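Trainee: Got a minute to walk me through this one? I'm new to it.
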Amino acid sequence: MPMLGGVRPPIAALLCGLLAVSALTALGLGTVHEQDVPQALSDAERQIAQDAADSVGTSINASARAVRRSAASATPAGSSKPATVLRSLLPAGHPAAGGVLLDPRTGKPLAASGEKVPLTGVDAKDLVRPDTGNIAPRVVASGTGAPRLLLFARVSVPVAARKQDENQDQAGDLRGNQDAEERGLLFVVSEKVAAPAVYGAGRTGQLVDRNGKVCASAPTTGAALAAATGHRALPAAAANAANTSVHTGDVSGSVLGDGHHGLRRVTGWASVAAADGKDDASGLGLTVLTAREVAPAKTGADHMWFALVAAGVLVVIAVLVTLVLWGTMQRPLLRLHLSAARLARGVGEVPEERAELARPVPALGFGEPGRAGRALESIRRQLLGETGPEPEQEVRRRPGVRALVLVCALVIAVWGVPLLFLLNRVPAAKAVPAAAVADQQARTEAAADRVQRSLGGSRTDLAAAASALSGASRERAAEVLRRERADHPTFRSLYVLDRTGALVQQVGKQPVRTLVPPTGEGITQVNTSGKIPGIAAYARIPAPGKAKGAKKAEDTAPAVVVAEIGVDALDDLVSRPGLGSVWLTDERHRVLAASVGFEAFQSLPSRRLTRLVAKTDAAPGGAGKSASAVLHAGTSPGEGLSVAAAAPLAQKGPAAGLGWRVVSAEPAAALKLAAYQVQARTMLAGLLALTTGGACLGWLHIVVVRPLRTLTGCAERLAAGDRRTVLFPVHHDECGSVTRSLELLRQALVERDRGAGSGLAAVPAPSSQCGSAP
């Protein structure tokens, strides 16, 4: 019967596994090269450009929604003049440079406001058709030389069916009578293309169109702008890369420039288009470029020599361990298998094979194979009648194959443990370059700005809704609230309070806690404890116009509309790829929202983070400033050094008085720094070596060492005269083969003793079994 498994596969797997680990060590460590500008800085610049692009896209989308919302909510009277209609359509608080109301039948303006709106290429008749859906914004050239962003919306106004000619209709008022009907007009708003918001000292930002032409820059003056425009081919190249990659999802990247005056320029680019391409900003073909100059690091030592030495030592260990196992375990066990099979044939009925009993069994080998060989030799001599059973003696404990396997494991551990815990550790003083710490702070400031813009936009939109609620009927107010919540999925609840603080109307979920009717408009924190942080925007509802009984109506009119902002929306705002764990904290440094799991109003994960946030606290009358540092272990469980930063939420605007902070912490090991890459790959090599050695030697212990120890004991007891124990083979390998042969020899000894009249025929049935089972 053929043997399956046995001693060969574990030893061969150990050799192949250790050689594979040595090859991976040489390749993994040898391919890491110290760069003058670490990859972490290039990745950070790409992410900063992506943050700025998201901010630009969010701003454009918000402007487009505001224009459409204003056009949808406006209810001009039939007697309104075009100029009056236009004034009612311009969104409150919208930074419009100009606006125009177009007649779609002729394409001519009925009314205009502000600067002249560039209408080149605008087909009003085609755009006003309702089957085209929302009208996408456009970036067009203007007479001033600076490009303008055009925002469109359809508006319906009541007009009367008249008999005047077309020219009179365009020049006259939009007066109505009993036969009034709806008339569709095109509302166009022009605004300046805003420069991308970038953070970090010495960093520039540019917004370029699909042709590579710069639409806006930040900063707009000084040496930074001159440096930004020094690479004139870069905007066109980045715009081309963004427009060709937007369909593949690769919408950002980075470029490392040549050295100049001892510095190297790192440029990041990102498309303003959304990932799904379905928002208002996606069709504009805009691209954001950010750039900064960094001092190149000194070229570090090459790791190839260490990789080759470590790999070579492991190759030597693999060969030595294999040779030792082959010479002390595999070869003796195979010889023992052949000798046992030869003796089993010698006790058979074939006369030609009985001569095999005359050949002695060589008792060569270390530990158990040698002991089993000596027991086989004793059994052979007993079969020939030369001696009787050897008296069982107390055996001195000597090292055997188990100790040999343990020594081999220790030798492999001598190579793997230092790599896993000691070698190529990153010095704490040189762990993270200062530029990477500055980038973490810049991205944290961008996250704070993103939260502040979102809260400010919510406040502005709520103020527009408050104006629509002024003097509205209950049914009309409910419609306004439903539309406002549908336009703002971030609103958890939307409700109206009267002047006594009573809840008048509500849409959405139950409020965490209703406000005492405040004055004016702004952002506030509703609660300071509980399971859900309550954050709300509020706006005062203007009193309706004076009329008969107006005073009495004003006393009972709704006072304030409140929008409770969901925590999930804030979690999404602070979450950014590559920024690590991010928390939004209140003025007492307790967590309100986070990109990781948290409990409401819990403290930050470590005291070091809390102390870092305390550095951003404002002096009396100030707004505070950002701070960053490299923190030691303790930022979160299992981490070492972390790059942390904290930034005030806003220095002005509705959120300035809240005292909130955005805090981030990224494990330094997650940054693409050569030192950490070498450390990680060194640890991986040590772990792989220990795992491979442990797995293969454990395999060898299970399938060879334990069965061999059991087999040796059975052979020695058989040689000492135990004829009652049946030897039962379990595995089809060398140990199983020797066990089968020993059982045949036991049966031959029993028959011989019976023929000699030794009295063993009266021995009772076997009471135990001896096999090679592990």
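Mentor: Sure, one term to begin with: two strands count as paired if DSSP finds at least two bridges between them. Also keep in mind that this is a predicted model.

Trainee: Okay, so how many bridges join S8 to strand S9?

Mentor: Seven, and the two strands run antiparallel. In that pairing, serine 252 stands opposite alanine 270 of S9.

Trainee: What order do the strands of the sheet come in?

Mentor: It's an open sheet of five strands, S7-S6-S10-S9-S8, with antiparallel pairing. S7 (214–218) and S8 (252–260) are at the edges with a single partner strand each, so one side of each has no neighbour in the sheet. On average, neighbouring strands are turned by 20° against each other, direction ignored.

Trainee: And which helix packs on the sheet?

Mentor: Helix H2 (residues 39–73), which touches S6, S8, S9 and S10. The direction of H2 makes about 40° with that of S9.

Trainee: Switching topic: which residues of H12 are buried?

Mentor: Ala477, Ala478, Val480, Leu481 and Glu484. Looking down the axis of H12, they fall within an arc of 160°, so they line one face of the helix. Glu475, Arg482 and Ala486, on the other side of H12, are exposed.

Trainee: Last thing, the largest nonpolar core. Which residues there touch the most other members?

Mentor: Leu325, Met329, Trp415, Leu700 and Leu742, out of 50 residues. H16 gives the largest share of that core, 13 residues.

Trainee: What does leucine 325 touch?

Mentor: Leaving out residues up to four places away in sequence, its contacts include Ile11, Leu404 and Leu700.

Key: Residues are numbered from 1 along each chain as its sequence is written. This is a predicted model: local features need pLDDT of at least 70, side-chain atom pairs count only at pLDDT 80 or more; totals for chains, interfaces and linings use all residues. Side-chain values use heavy atoms; hydrogens and water are left out. A nonpolar core is a set of buried Ala, Val, Leu, Ile, Met, Phe, Trp, Tyr and Cys residues joined through side-chain atoms within 4.5 Å. Buried means under 20% relative accessible area, exposed over 50%, partly exposed in between (1.4 Å probe, protein chains only). Helices (H or I, at least four residues) and strands (E, at least two) are DSSP runs, numbered from the N terminus. Contact means heavy atoms within 4.5 Å. The arc is that of the directions from the helix axis to the C-beta atoms. Axes are lines fitted to C-alpha atoms, for helices over the stretch in contact, and angles run from 0 to 180 degrees between N-to-C directions.
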